[in-house]
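Student: Please take a close look at the cavities of this model for me. I would like to know what lines them and how the lining residues sit in the fold.

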Amino acid sequence: MSITLYTAPDCLRCKIVKEFLAERGQEYTGYDFKADKDIFNAYYRANRSSIYRNPEGVEFPIFDDGQVIKQGTGEILAYLLSGRVLEACVTRSELLHGWISGLNVSACPAGQEDNFVTLVRLLAQGGLTVELHSDGRRADLLKRVLDEGFVSRMVLDIVGPAALYPTIVGGELSAEDLKQSIALTRAHADGLIRVLASAYAGGDGMTRVSPAEAGEAAKMVLDACGDRMLPVFIEAQQADGLEALENQALLPYRSKVRASLVKAEIRKPEAH
């Protein structure tokens, strides 16, 4: 496997990947997009459709082994640890400025627990501020990750009522897993619980969890924790083909959720 790594000057995320490769004794060819701008520009033109640009420009580092192109520290390290197996639970980070997200503990494939824990540790010890997500499944692994102390923000996403979990996330949610996940999130110094108006593929294309279904999800949370005063936030997932839901459009969701969880509020996503 011949690895090429395209980096940016003074890039913490790039440094983490370089150090990981060095520790493994893995050789690679490195190019700085400024110092080697002609080489990088030619590569970018040839692979433009495969290269992601975040709101601040091209995301570095970029990894190419001749088989796949990976961008971002989390996705690159996941690939180096497990090939493409961790793609289900490690996706593009939506956070910038020293934060990293795209880490869903609930979606970790069986047998990959050690690699997932190692990944979170590498990111945090490398200097990034880690935001971890869960949908309530895999509470055992969630506890293991949190016990290591490398997660700065813990986000528990209630993606819908239990009946919709197999459709939305591909797996069932047990009442015990949900109960434990709520307790772990509440115990975290920066824990956040969201009831999502999830977007997902239905029989007739993309659809979204309805206000009534969000209300069912809130009742499920109440049954698990027994606390009507549990602080939760309501947020909509946006998706192509669906009308954006923000602010006033989420009031019907808040009304249904508050029938069970009286402190529910509409949340605007934070930027980092």
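Tutor: Helices (H or I, at least four residues) and strands (E, at least two) are DSSP runs, numbered from the N terminus. The model is predicted, so local features need pLDDT of at least 70 and side-chain atom pairs 80 or more, while totals for chains, interfaces and linings use all residues. Residues are numbered from 1 along each chain, and side-chain values use heavy atoms, without hydrogens or water.

A cavity is a set of points on a 1 Å grid where a 1.4 Å probe fits but cannot get out, and the count comes to 2 cavities of 30 Å³ or more. The largest cavity has a volume (the space filled by probe spheres set on its points) of about 70 Å³. Its lining, meaning residues with an atom within 4 Å of a point, comprises 15 residues. G74, E75, T91, S93 and I100 lie nearest the centre of this cavity. The elements that give two or more residues to this lining are α3 and β7. With 4 residues, β7 gives the most. By class, the lining has 3 nonpolar, 8 polar and 4 charged residues; Gly counts as polar here, and Asp, Glu, Lys and Arg as charged.

Now for the second largest cavity, which holds about 30 Å³ of space. The residues lining the second largest cavity are K70, E75, A78, Y79, G83, L86, E87 and V90. Here α3 gives the most, with 3 residues. The classes in this lining are 4 nonpolar, 1 polar and 3 charged residues. Notice E75: this residue is among those nearest the centre of the largest cavity, and E75 also lines the second largest cavity.

The two elements that stood out, α3 (73-82) and β7 (99-104), also help to cover helix α1: together with β1 (4-7) and α4 (113-125), they are included in what covers the buried residues of α1, by contact of heavy atoms within 4.5 Å. The buried residues of α1 (under 20% relative accessible area, 1.4 Å probe, protein chains only) are R13, C14, I16, V17, F20 and L21. They cover an arc of only 160 degrees around the axis, taken from the directions to the C-beta atoms, which puts them on the same side of α1. On the face turned away from that buried side, α1 carries A22 and E23, both exposed, that is, over 50%.

Conventions. 1 Å grid on protein atoms, 1.4 Å probe; cavity = no way out; pocket = protein on both sides within 12 Å on 5 of 7 lines; lining within 4 Å.
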